[in-house]
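Work through the exercises below with the model open in a viewer. Try each task before reading its solution.

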Amino acid sequence: MNNIFCLETEWTQSIHDLKDDSSVLPLLEYIKRVNRTKLVFRQVATMTDFDYYLSHLLKDSYNTFDIVYLCFHGASNTIEFANKETISLTRIGELYPGVFDGKKVHFGSCSTLSTTREEAYSFKEATGAKLLTGYSKKVGFTESFIFELWLMNVLTSLKSLGPIKLEAKIMKEMPFFRDRLGFKIY
C-alpha cells in the first residue's frame, strides 16, 4: 500500500493565479517513480473544492491511499485556502468523522500543528488518523520541500511506522529539520 492522496492549495492570489504550477507535484512525481507509489493529486482553492475531494476518501476505492498530504497556508490549528477561507482541525473532525480512518496525515502548512496536545489527539480520534504530522512554526519553502521529500520517502517505503518509530528515525537522520521547522508527531 503506502499510496499518497494529496490536496494542495493555490499558493498565490494574483492576475497570474491560473499560470502558477504546483509546488509539491515535482516531489510527489519523484516519490511515485522511485517507490512505485500510486498518487492522487488535486489542487484546491476553496472550502467547496476541499469538501469535494476530501469526501472521496470515504469511498472504498480510496482505501489503498493511506497517506494523506495536505498542503496549505496555515496558522495555529488551522489551514487556509487560496480564497482566504480557513478551517480548524477541530472543524475538520466535526465535518468529516472517520475520513482518515487508519491513515497517516501530514499537514504541509505553516504552524497548523501549533496546537495543544489535546486538540491534536482530538483531531486524530474524530478523523480516525493513525498518525498526524506537521509543523508548529512558520516554514520556508525550500527547507520544507527537502524535509517533505525525505518524509514522503519514509512514509511510502516503510510498511509499519508509528509515532515512536518515526520520531527515532527523524532524530537519527533529520534532527536539524525537525527543530528548525517545529515538526510535530502525534
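**Exercise 1.** Find which element gives the most residues to the lining of the largest pocket.

Solution. In this predicted model, strand S3 (67-71) and H5 each supply at least two residues of that lining. H5 gives the most, with 4 residues.

**Exercise 2.** Describe the largest pocket by its volume and by the residues that line it.

Solution. Start with the volume, which is about 270 Å³. Next, take the lining: 18 residues form it, and nearest the centre lie Trp 11, Gly 108, Val 139, Phe 141 and Ser 144. Finally, sort the lining by residue class, which gives 11 nonpolar, 5 polar and 2 charged residues.

**Exercise 3.** The structure holds 17 aromatic pairs. Classify the pair of Tyr 62 and Phe 65, and decide whether each residue is buried or exposed.

Solution. A pair of aromatic rings is described by the distance of the centres and the angle of the planes. For Tyr 62 and Phe 65 the centres are 5.9 Å apart and the planes make an angle of 40°, so the pair is tilted, as this class lies between stacked (under 30 degrees) and edge-to-face (over 60). Buried means under 20% relative accessible area. Tyr 62 has 18% and is therefore buried; Phe 65, with 8%, is buried too.

**Exercise 4.** Treat Phe 141 and Phe 145 in the same way.

Solution. Their rings are 5.8 Å apart, centre to centre, with 45° between the planes, which makes the pair tilted. Both residues belong to helix H5 (residues 141-157); they are 4 residues apart, so about one helical turn separates them. Phe 141 has a relative accessibility of 48% and counts as partly exposed. Phe 145, at 25%, is also partly exposed.

Note on methods
Residues numbered from 1 in each chain as written. Predicted model: local features only at pLDDT ≥ 70, side-chain atom pairs only at ≥ 80, totals over all residues. Heavy atoms only, no water. Phe/Tyr/Trp six-rings, centres within 6.5 Å; stacked < 30°, edge-to-face > 60°. Buried < 20%, exposed > 50% of the residue type's maximum accessible area, 1.4 Å probe, protein only. 1 Å grid on protein atoms, 1.4 Å probe; cavity = no way out; pocket = protein on both sides within 12 Å on 5 of 7 lines; lining within 4 Å. Points joined across faces, edges and corners; volume = space filled by probe spheres on them. Nonpolar A, V, L, I, M, F, W, Y, C, P; charged D, E, K, R; others polar.
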